[in-house]
Amino acid sequence: MPPRVRIAPSPTGDPHVGTAYIALFNYAFARRHGGKFVLRIEDTDQQRYTEGSEHAILESLRWLGLSWDEGPDVGGEHGPYRQSERLELYREHVAPLVASGKAYRCFCTRERLDALRKEQMAAKARLGYDGHCRSLDPQQAEARVQAGEAYVVRLHVPEGKTVVTDRLRGDVEFANEQIDDQVLVKSDGFPTYHLANVVDDHCMGITHVIRGEEWLSSTPKHVLLYEAFGWEQPQWIHLGLLRNADKSKLSKRKNPVSIIHYRSLGYLPATFLNFLATLGFSMGDDRERFSLQEMIDAFEWSKVSVGGPVFDPVKLDAFNADDIRALPLPELQAQIAEHVLGSDRIAALLALSHERIERLDDFIPYVSFFFGGVVDYSTVLPKLKIKRTLAEAAKILATFVDEIERDPQGRAFTPQSLEAFSRAFCERHEWKARDLFTLLRVGAAGRTAAPPLFDTLALVGKDRFRMRIRDFIGVLKTQPKPAKG
RNA sequence: GGCCCCAUAGUCUAGCGGUUAGGACGCUGGGUUCUCAUCCCAGAAACCCGGGUUCGAUUCCCGGUGGGGUCACCA
């Protein structure tokens, strides 16, 4: 039976390189064995749902050339492919679980749960639900539901132990005392990941669950769910997690993680994929530069390593430079015309530079900072005039990039949303707009003079902005004398 | 902290009981070149520690250490 695998991103932000990494392995495995690669959107979190995220994810994966056989846009026999459109299915499946006592309703309030956790932390006890509502009389529970009381549905974890058989790691044992009575249905009626994921994987005929190691410790819950439903488990495969240079899980705090960033800086998709592949897969010989097709042809689990690799952008650059060099000039020119000097982008740059250039030929040097990676701060730094110390400046910028990502408005990164967020930010932190805006301008542009700040930031782009500010903070911190003025 | 995963140069990896421990990026030196880049040559750089098993452990087993993940009505 040919395998069916899936990638199941959740539309909660920018498309992550980790998603691309996992998608690549799913894709290669499916293609190797003539199976199907399914794309499913896991949008069960109403709070974190981000407008436009799904589209960006699809577009990013498409850019990389990882095409799916079934998905929200192309359809398929096992649709719909958005979990928010499958709510009825989850409801149907949970009912018998509750009826048979394999799951139960829980009426505990957030307050009680918080208090419980505090107690457990103080007592250094195991964190987790204490089973308070486990033995509630079903009749009574039903009555409370009818009375309109809020509740969740939890999995009743039985005694014993649960074994996860992982293709890469062998048998992994968990004592069931360690497994929490996981919430399956939230009080808003939406399923949690755990429920939706298991139900969908089964109903979609997924044979191999290939995902990141972060899921390994919740896999016993999934195994238990398969058992509760009486279904056959898929094969589990947990890949190592991509890391930052300090070995922590790859994060935007420390690395550009948006696929869009790599696309907009001009990495070639095939090169990017090749680089990702080398992070966890090896050909077996000394070949490191190979195509997606070559990877597919050679794909075997014995060639996949399980340690979490550091995502090293320096090596990516080397690969990319190599491939650009290999490009015939006409091809290079076409690529640049399309991806660097697209007419939409030129039009946007023109709008901002129109009134600021004196000769036509000034255009390119004037807008040069909208292109490329980090900029050189050495010449602007002496001209930086703010009524704060550089240490304060570094600190506020770090806070800024941190907060902007958590703010729905800031995250949208349009001129309007940026301005609204930035002004509110100044008030909140008691900074003069003038000082903060100067820092943002210099950090993002490497210049003290630029087009209107928020238009500029929006056009520089979120990822490039974040990358430069991070670099700028580093520069500020290493400046010897605190310039006041 | 509990549970779980992982462990070859700075980084990504090959190795699957006996190897001068291989390749790639980066780094250093040299050559080609008007400069730079490319290209070529050379070099420094690794088996986490301690016990076993074995004639022999980087490789198998156990323990420790280190790193990571996870402990949500997020995925």
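## Exercises: domain contact and RNA surface

The domain assignment of chain A, automatic or from a database, gives domain 1 (4–72 + 242–314), domain 2 (86–233) and domain 3 (372–477). This is a predicted model, in which local features need pLDDT of at least 70 and side-chain atom pairs count only at pLDDT 80 or more, while totals for chains, interfaces and linings use all residues. Residues are numbered from 1 along each chain as its sequence is written, chains are lettered from A and ligands numbered from 1 in the order in which they are written, and side-chain values use heavy atoms, with hydrogens and water left out.

**Exercise 1.** Describe the contact between domain 1 and domain 2.

*Solution.*

1. Start with the separation: the C-alpha centres of domain 1 and domain 2 are 29 Å apart.
2. Count the residues in contact (heavy atoms within 4.5 Å): domain 1 supplies 18 residues and domain 2 supplies 23 residues.
3. Take the buried area (the accessible area, with a 1.4 Å probe, that two parts lose on being put together, summed over both). Between domain 1 and domain 2 this is about 1800 Å², and carbon and sulfur atoms give 56% of that area.
4. Count the salt bridges (a side-chain nitrogen of Lys or Arg within 4 Å of a carboxyl oxygen of Asp or Glu): there are four between domain 1 and domain 2. Glu 214 and Lys 249 form a salt bridge through their side chains, at 3.2 Å from N to O.

**Exercise 2.** State which residues are closest to RNA strand B and which part of the strand comes within 4 Å of the protein.

*Solution.*

1. Use the cut-off for near, a residue heavy atom within 4 Å of the strand. By this count 49 residues surround RNA strand B, and the closest are Asp 45, Arg 169, Lys 186, Leu 279 and Glu 288.
2. Of the atoms of RNA strand B that come within 4 Å of the protein, sugar and phosphate make up 80%.
3. Sort the surface near RNA strand B by class: 18 residues are nonpolar, 12 polar and 19 charged. Here Ala, Val, Leu, Ile, Met, Phe, Trp, Tyr, Cys and Pro count as nonpolar, Asp, Glu, Lys and Arg as charged, and the others, Gly among them, as polar.

**Exercise 3.** Give the distances from Asp 45, Thr 278 and Arg 48 to RNA strand B.

*Solution.*

1. An N or O atom in the side chain of Asp 45 lies 2.7 Å from a sugar or linking oxygen of RNA strand B.
2. For Thr 278, a polar backbone atom is 2.8 Å from a sugar or linking oxygen of the strand.
3. For Arg 48, a polar side-chain atom is 3.1 Å from a base oxygen of RNA strand B.

Key:
A polar contact is a pair of N or O atoms within 3.5 Å; within protein, one must be able to donate a hydrogen and the other to accept it, and residues adjacent in sequence count only if both atoms are side-chain atoms.
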